[in-house]
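User: Please take a close look at one part of this model, the link between its helices, and describe what surrounds that part on either side.

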Amino acid sequence: MLQIILALVPVFALLMVGFFARRHGFPGEGFWAPAERLTYYLLFPALLINSLSQASL
């Protein structure tokens with residue numbers, strides 16, 4: 001059970017950092033829409049391609 005909690009703590013910590021950053025206006029409203037678009041169209045596909053290229057066949 002402790003291993004599960006230790007695996008989930010960094011995920012929730014990152015979510016909380018992002019939540020408070022956006023709530024306090026850091027780094028600004030104009031940043032979030034392009035950042036979400038970059039993540040969806042570039043970074044996530046790159047992660048998928050990298051993971052698939054390292055998969056054991």
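Analyst: The account below goes along the chain, from the helix before the link to the segment after the second helix.

The model is predicted: local features need pLDDT of at least 70, side-chain atom pairs count only at pLDDT 80 or more, and totals for chains, interfaces and linings use all residues. Residues are numbered from 1 along each chain as its sequence is written, and side-chain values use heavy atoms, with hydrogens and water left out.

Helices here are DSSP runs of H or I with at least four residues, numbered from the N terminus. Helix α1 covers residues 2–23. The C-alpha atoms at the ends of α1 are 31 Å apart, which agrees with the 32 Å that its 22 residues should span at 1.5 Å a residue; the expected span is 1.5 Å times one less than the number of residues. At L8, α1 bends by about 25°, and a proline, P10, follows within four residues. A bend is the angle between axes fitted to the seven residues ending at a position and the seven starting there.

L8 is partly exposed, at 41% relative accessible area; buried means under 20%, exposed over 50% and partly exposed in between, with a 1.4 Å probe and protein chains only. L8 also belongs to a nonpolar surface patch with M1, I4, I5, V9, V11, F12 and L15, and together these residues have about 810 Å² of accessible area. Such a patch takes residues with over 30% relative accessible area and no salt bridge, joining nonpolar side chains (Val, Leu, Ile, Met, Phe, Trp, Tyr) within 5 Å. The areas come from the Shrake-Rupley method with a 1.4 Å probe.

The link itself has two backbone features. Just after α1, G25 takes a positive phi of about 80°. F26 and P27 are joined by a cis peptide bond, with omega about 0°, and P27 lies in the loop between α1 and α2. For comparison, most residues other than glycine have a negative phi, and most peptide bonds are trans.

A salt bridge also connects the two helices: R22 pairs with E36, their closest N and O atoms being 3.7 Å apart. Because R22 lies in α1 and E36 in α2, the pair ties together parts that are 14 residues apart in sequence. The criterion is a side-chain nitrogen of Lys or Arg within 4 Å of a carboxyl oxygen of Asp or Glu, and a search of the whole structure finds one such bridge. R22 is partly exposed at 41% relative accessibility, and E36 is partly exposed at 46%.

The structure holds three aromatic pairs. In one of them, F19 and F20 have ring centres 5.2 Å apart and planes at 70°, so the pair is edge-to-face. F31 and W32 are also edge-to-face, because their centres are 5.3 Å apart and their planes at 75°. Rings of Phe, Tyr and Trp (its six-membered ring) pair if their centres lie within 6.5 Å; planes under 30 degrees apart count as stacked, over 60 as edge-to-face and the rest as tilted. F31 is partly exposed at 42%, whereas W32 counts as buried at 19%.

Helix α2 has 25 residues and reaches 36 Å from its first C-alpha to its last, close to the 36 Å expected. At T39, α2 bends by about 40°. S56 lies in the segment after α2 (29–53) and counts as exposed, at 77% relative accessibility.

Key: Patch = residues over 30% accessible without salt bridge, like charges linked within 9 Å, V, L, I, M, F, W, Y side chains within 5 Å.
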